[in-house]
Protein chains: 2
Amino acid sequence: MKEKITVNKQYLLPFLKEDYHVYQAKVKEIHNGLIAKTLLGSDFLGWLDLPVNPKTEEINFIKDFSKKIRKEKAYLVVIGIGGSYLGAKAAISFLAKPFSSSKVIFAGYNTKGEYLEGLCKFLQNKDFYINIISKSGTTLEPALSFRVIKNLLAKKYPDTWKERIVATTDKARGALYTESVNNGYTKLVIEDNVGGRYSVLSAVGLLAASVYGINIDKLLKGALDAYKDLLNPSLDKNDAYFYAVARYMLYKDNKVTELLINYDESLNYLSEWSKQLFCESEGKDKKGLLVGSMSYTTDLHSLGQYVQDGLRNVFETIYNVENVSTDYLISEDDKNYDKLNSLAGKHFKDITGAAMQGVINAHTEGGVPNIIINIPSKNAYCLGYLFYFLEKACAISAHLLEVNPFNQPGVESYKKEMFKLLGLLK
Amino acid sequence: MKEKITVNKQYLLPFLKEDYHVYQAKVKEIHNGLIAKTLLGSDFLGWLDLPVNPKTEEINFIKDFSKKIRKEKAYLVVIGIGGSYLGAKAAISFLAKPFSSSKVIFAGYNTKGEYLEGLCKFLQNKDFYINIISKSGTTLEPALSFRVIKNLLAKKYPDTWKERIVATTDKARGALYTESVNNGYTKLVIEDNVGGRYSVLSAVGLLAASVYGINIDKLLKGALDAYKDLLNPSLDKNDAYFYAVARYMLYKDNKVTELLINYDESLNYLSEWSKQLFCESEGKDKKGLLVGSMSYTTDLHSLGQYVQDGLRNVFETIYNVENVSTDYLISEDDKNYDKLNSLAGKHFKDITGAAMQGVINAHTEGGVPNIIINIPSKNAYCLGYLFYFLEKACAISAHLLEVNPFNQPGVESYKKEMFKLLGLLK
């Protein structure tokens, strides 16, 4: 049976003030507009068809490169910020085993000299490659980090350093494109019609994921199946569209903050990825949901009090992994000091299950709508499906809010101010 | 010169709708009520005097134990949840160098079997000790994890395992207290009048911090100086009180979400600690600020769009480290593809400084009030000062909201539901 991402509406419907079907016509109109490319931002719809038209040559290169670097036990330093690193970071965190180490290291997402110093020291006696990801090549954080790490690479491999750099960048222009051509770096392409936060299923996300050891064929197969499943615009058949409508209805009812909840901290970066996706797509024109994230039961012992009984302007969306593969048995204790022997024979996942249901009961009772997004398993297929599911939900959701889902004018504001201060803007 | 935590009001004052001095009388009343112990929750004011009355015997034990375990190069597994681990975790993250490894490992803060499995495998061939932190000893997450890790310890050290456990717990009763007495574990005390989220400067936070290598004398000296500095109730002399008033005024003006901002991800767990402190203290009776956190410039490329131009119900509080000790120089590049050679000779911290000022200019222009909390340096002294500063600000702030800062009735709601489902509640 195919593993599908689904939405459980049970703990949401009682909170909706009207029948969600009243939005069916509007959603169908947006759906058609996305296909016909007639809506705001339609020159950035390349992500819609990514799973249908995989770029075979690039994907084959990515697989070969991954095989080679893994065989050499070398490190890959991925230099990028925002959409250029969050997708791969989310994928790797989602699938990593606790206490395992990773040979994929992210950099260029901050301006912290201490981080670069630590990284360079760490890399001193390691073999490594660089994947620099930047459309323009002039984004400050990755560009400056690239200078430093490239220097180290060139010192370490004076004859072959250029062969150890893969540049994921524009296909025909820009600073990094020019440098790549002149230096002969391997090039992967960031298409003009795929924005950063929608790029995880392109070369941007795939190279690092594959080097880490994620089966990208399965990832893309999940996305392809999501593509097919989500072609039906019916709110009763398309849970991504339903999710978009639910968020919008809650927002209109003054539930203006969405809390992404997981019960497994390995999903934390998936939440970070989603936060960029939704907040950058929707947070404009003085509108939009603020998206926060928490990991339960951990954060029930910190922010839980607020969710239970604070200001009633929030709702929760749970990223629920249904089948936990590895697990641990609770054992009997001779002395039973903690009086928990009645739990012996249960698994930790049973405790997690009871915690989740208990929290849902308590929080809905406290006035917090709960949406559950069910993720069948932690595997590459489900992850690919989920990425595409959320991307499509976000496009619908932003159009319901009547904003352009694919621009980010607000991100330019601080850059302009910063460039002025650095004397980079005449 | 003494390093003090201070608040920069420059980017806040233009947003305040009234003169903040109108709250001076109310604050003075709360201040006096805290001292006289006449306000709601006054049986939980032990944290107020912790820095003045250090428990010398405990502190000496902590130092000796740390010396011993560090000499043996053994690991310390700290088992606790919420206030029982966030303080030490925040302290260690704040002071850790990037790419350095830690011999302090946290557990018991989740119900993830896979985490325990990974941890036990990791510990198999390492020497380790346990610090279990729980007032009652029956809190589900730490109690169940303690069962597992204690079993491993007993198997590994059949004759001496009891000597390798330090229990931080109630001084006279409870499951963990009883077990500790019966098994002869070393005991450290969680005082009745110090709640979890206010316990970082007690044995709860100090043992792990000290084992990691943090100078706890300096930490406590910082807290003591904060204690002294913050005895003056004048809003113009007491920046913790000013911060409390500012949050309250913004909240009343519908700025209901506070975003804690840093420019250095090593402060992320300090933000988590603050989130528990404030949200658990204030988020009740359908009131309270929701506190979120972001690390810039990283998250400017994800959530920045929302902050710049989304719904105008947020303000930012920046945890600003003023003096960065280690740093990295930006070097000239022959080819200057990225056109950033004009930055050569600057340090990365100069870029961070320009980014921060640029962001403040852009976000305040966009309608977001900014409060800057200046932290002179990343050292133990400033951290101790900051912990106490925020604790005191929180007590004042919660009393302004007219809620009890020291209870957490909402956290019990989900536990009750969960216990029902697990058959633990008759």
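The following conversation concerns the contacts between two chains and between two domains in a predicted model.

Visitor: What should be known about the model before starting?
Guide: The model is predicted, so local features need pLDDT of at least 70 and side-chain atom pairs count only at pLDDT 80 or more, while totals for chains, interfaces and linings use all residues. Residues are numbered from 1 along each chain as its sequence is written, chains are lettered from A in the order in which they are written, and side-chain values use heavy atoms, with hydrogens and water left out.

Visitor: How many residues does each chain put into the contact?
Guide: Chain B contributes 115 residues and chain A contributes 114 residues, where contact means heavy atoms within 4.5 Å.

Visitor: And what area do chain B and chain A bury between them?
Guide: About 9,900 Å² is buried, 63% of it on carbon and sulfur atoms. Buried area is the accessible area (1.4 Å probe) that two parts lose on being put together, summed over both.

Visitor: How many salt bridges are there between chain B and chain A?
Guide: The count is twelve, a salt bridge being a side-chain nitrogen of Lys or Arg within 4 Å of a carboxyl oxygen of Asp or Glu. One salt bridge joins the side chains of Asp338(B) and Arg147(A), at 2.7 Å from N to O.

Visitor: Which residue classes make up the side of chain B that touches chain A?
Guide: That side of chain B has 47 nonpolar, 39 polar and 29 charged residues. Nonpolar covers Ala, Val, Leu, Ile, Met, Phe, Trp, Tyr, Cys and Pro; charged covers Asp, Glu, Lys and Arg; the others, Gly among them, count as polar.

Visitor: How are the two chains related?
Guide: A turn of 180 degrees with a shift of 0.0 Å along the axis lays chain B on chain A with an RMSD of 0.0 Å, superposed by least squares on the C-alpha atoms of residues with pLDDT of at least 70 in both. That is the relation of a two-fold axis. In chain B, the C-alpha nearest the axis belongs to Gly292(B), 3.4 Å from it.

Visitor: Why do the copies meet through the same surface?
Guide: They do so because 99% of the interface residues of chain B are also interface residues in chain A.

Visitor: Changing topic, which domains does chain A have?
Guide: Chain A is divided into domain 1 (6-41 + 222-400) and domain 2 (46-219), with bounds from an automatic or database domain assignment. Their C-alpha centres lie 29 Å apart.

Visitor: What links domain 1 and domain 2 of chain A?
Guide: One salt bridge is counted between domain 1 and domain 2 of chain A. About 2,600 Å² is buried between these domains, with 67% from carbon and sulfur atoms.
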